[in-house]
Amino acid sequence: MSGASGSSAAPVYEPASPGDRFGPLIERRDDADFPFYNGTPTALSTRQWILMWVSVVVGFAALVLIPQPGNLVALIPRILFVGIPLAVLAMVTREHWTALFRKVHGRDVLTMIGFAVLNLVVTSALALIVQALFGVASNEAVEDAGKGGVLDTAAFYVGTGIQLVGEEVFTIVPFLALMYFLVTKAKLSRKTAIVLAWLLSAVWFGAAHLQTYDWNFAQAFIVIGGARLVLTLAYIRTKNLWVSTGAHIINDWTLFTQAIVINAALVTL
């Protein structure tokens, strides 16, 4: 199988054996595997994996450094957040960049809802524990939801939807990069690589939220990191970024809508 542009010919990898897959509670019995980490559907070189990781950092920098005076203007950095790494992925893998996204079936929608509910339960429990032990910081975006009028609120939902796709790319690209390094370079088993990549990518995601929560390490790494573990499990189960994104959107839009309703009720009092 030929490698991506700029890389040498890649070796052909065998599909993961049944013994190197988790059981049906974690991975579906469909023999689907993660893309890219083992040369399928195309191979990335070490340099290209580093480039991919840099691209998600650049996208994140665009999100946090470009001023966002309102949700309409915020669409620009939010689009760059997801667009930059996907553009680089398309550059290094050509048409194979779509391997991150698989067709969504009815059971995938049910999986989105199931993981969203699980995430709400897990994060609520973790938030209560962290609040009791360390205190928590508020999320300004959630607190201000719905306060800017109808157009701003519509832009808020569209923009956060785009941003949440970006947050999945921001997590899953490093997850796949870690899979590559752990399996190909460190020679670890697929199962071990999945567990380590799952944990490390959650730490990565939590660290990205430190500034959002006033550098509250417990909140960022326990609550947000815990949420990330649940959402990444949705990707591990389905190998479909649409499913983890769908679960993420259902989860966050539920919280946003709750905040909007509360804010609207306070205005009428």
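## A walk around the aromatic rings

Start by selecting lysine 239 and phenylalanine 34: the charged end of the lysine sits over the phenylalanine ring, 4.9 Å from its centre. Keep in mind as you click around that this is a predicted model.

Stay on phenylalanine 34 and add phenylalanine 175. The two rings make an aromatic pair, edge-to-face, with 5.4 Å centre to centre and 70° between the planes. Colour by sequence position and you'll see why this pair is worth a stop: phenylalanine 34 belongs to the segment before α1 (46–65) while phenylalanine 175 is in helix α5 (residues 150–185), so the contact ties together parts that are 141 residues apart in sequence. Are these two rings buried or exposed? Both phenylalanine 34 and phenylalanine 175 are buried.

Next, select tryptophan 53 and tryptophan 204. Here's another edge-to-face aromatic pair, 5.4 Å centre to centre with 85° between the planes. Tryptophan 53 comes from helix α1 and tryptophan 204 from helix α6 (residues 190–208), so this pair links parts that are 151 residues apart in sequence. Switch on the surface: tryptophan 53 has 23% relative accessibility, so it counts as partly exposed. Tryptophan 204 also counts as partly exposed, at 24%.

Keep those tryptophans on screen and add Phe60, Phe81 and Phe170; together with Trp53 and Trp204 they form one aromatic cluster.

For a last stop, go to lysine 191 and phenylalanine 22. The charged end of lysine 191 sits over the ring of phenylalanine 22, 5.7 Å from the ring centre.

Want to keep hunting? How many aromatic pairs are there? The count comes to 17, including the Phe34–Phe175 pair and the Trp53–Trp204 pair.

Technical notes
Residues numbered from 1 in each chain as written. Predicted model: local features only at pLDDT ≥ 70, side-chain atom pairs only at ≥ 80, totals over all residues. Heavy atoms only, no water. Phe/Tyr/Trp six-rings, centres within 6.5 Å; stacked < 30°, edge-to-face > 60°. Helix = DSSP H or I, 4+ residues; strand = E, 2+ residues; numbered from the N terminus. Buried < 20%, exposed > 50% of the residue type's maximum accessible area, 1.4 Å probe, protein only. Lys NZ or Arg CZ within 6 Å of the ring centre and 35° of its normal.
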